[in-house]
Amino acid sequence: MDGNEQPLTAWVYGQEHSAGSARGPRPGRSYVELTGGPLDGLLLDVTGWTREEIDTGVCLQTERGQFGPGGRAMYDPRPGHLGHYDWSGDTP
């Protein structure tokens, strides 16, 4: 970094990203990283989720997937790697 660059901060799925608002993870929260697919690189806030909920995976609404607006991207926990969900496909 040359002193003028800001460190990259991951975006959080579902978090407002308006001008002037803080982006990225917040202290005291728990996140998993989404890997692959249309939401690659985003973080998902799982604060307050039970272990069972975290181990189940998610189906997240996104306009960026194969089915466009209203479609969903499916992510499953990566075996042996807490903190990562891997893309498993899109669904309408």
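# Questions on a predicted 92-residue chain

The secondary structure of this chain comes to one helix and five strands. The model is predicted.

Student: In what order do the elements of the chain run from the N terminus on?

Tutor: The chain has one helix and five strands to place. Helix α1 covers residues 51-56, and strand β2 covers residues 43-45. Read from the N terminus, the order is β-β-α-β-β-β.

Student: Which strand pairs with β1 in the parallel sense, and over how many bridges?

Tutor: β1 is joined to β2 by three bridges, and these two strands run antiparallel. One position in that pairing is V32, which stands opposite L44 in β2. On the parallel side, E33 has H84 as its bridge partner in β5. The parallel partner of β1 is therefore β5, over three bridges.

Student: How many residues does the largest nonpolar core have, and which elements give two or more residues to this core?

Tutor: The largest nonpolar core has 12 residues, among them V32, L34, L42, L44, A73, Y75 and Y85. The elements that give two or more residues to this core are β1 (31-35), β3 (58-61) and β4 (72-77). The number of residues in the core is 12, and the elements are β1, β3 and β4.

Student: Is L34 buried or exposed, and what is its relative accessible area?

Tutor: L34 lies in strand β1 and belongs to the largest nonpolar core. Leaving aside neighbours within four places in sequence, L34 is in contact with L39, D40, G41, L42, L44, L60, Y75 and Y85. Buried means under 20% relative accessible area. L34 is buried, with a value of 0%.

Student: How far apart in space are L34 and D76, C-alpha to C-alpha?

Tutor: In sequence, L34 and D76 are 42 residues apart. L34 is placed in strand β1. The C-alpha to C-alpha separation in space is 9.0 Å.

Student: Where is G24, and how far is it from L42 in space?

Tutor: G24 is in the segment before β1, and at 2% relative accessibility it counts as buried. L42 is in contact with W11, Y13, V32, E33 and L34, leaving aside neighbours within four places in sequence. G24 and L42 are 18 residues apart in sequence, and their C-alpha atoms are separated by 9.2 Å.

Student: Which salt bridge partner does R29 have, and what parts of the chain does the pair link?

Tutor: The structure holds three salt bridges. In one of them, the closest N and O atoms of R29 and its partner are 2.9 Å apart. R29 is in the segment before β1 and the partner in strand β2, so the pair links distant parts of the chain, 16 residues apart. R29 is partly exposed at 41%, as is the partner at 23%; the partner is D45.

Student: Where do D55 and R51 lie, and what is the N to O distance of their salt bridge?

Tutor: D55 and R51 both lie in helix α1, four residues apart, about one turn of the helix. D55 counts as partly exposed at 46% relative accessibility, and R51 is partly exposed with a relative accessible area of 46%. Their side chains meet in a salt bridge with an N to O distance of 3.7 Å.

Student: Which residue forms a salt bridge with D86?

Tutor: D86 counts as partly exposed, at 24% relative accessibility. The closest N and O atoms of the salt bridge are 2.8 Å apart. The partner counts as partly exposed at 25%, and it is R78.

Student: What is the nearest side chain of opposite charge to D90, and how far away is it?

Tutor: D90 is found in strand β5 (residues 84-91) and is buried. A salt bridge requires a side-chain nitrogen within 4 Å of a carboxyl oxygen, and D90 has no salt bridge. The nearest side chain of opposite charge is R64, at 10 Å.

Student: Which side chain makes a polar contact with the side chain of D90?

Tutor: The side chain of D90 also reaches a backbone atom, the nitrogen of Q66, at 2.8 Å. Leaving aside neighbours within four places in sequence, the residues in contact with D90 include P38, G65, Q66 and F67. The side-chain to side-chain polar contact is at 3.1 Å, with W87.

Notes
Residues are numbered from 1 along each chain as its sequence is written. This is a predicted model: local features need pLDDT of at least 70, side-chain atom pairs count only at pLDDT 80 or more; totals for chains, interfaces and linings use all residues. Side-chain values use heavy atoms; hydrogens and water are left out. Buried means under 20% relative accessible area, exposed over 50%, partly exposed in between (1.4 Å probe, protein chains only). Lys and Arg count as positive and Asp and Glu as negative; His and the chain ends are not counted. A polar contact is a pair of N or O atoms within 3.5 Å; within protein, one must be able to donate a hydrogen and the other to accept it, and residues adjacent in sequence count only if both atoms are side-chain atoms. Contact means heavy atoms within 4.5 Å. A nonpolar core is a set of buried Ala, Val, Leu, Ile, Met, Phe, Trp, Tyr and Cys residues joined through side-chain atoms within 4.5 Å.
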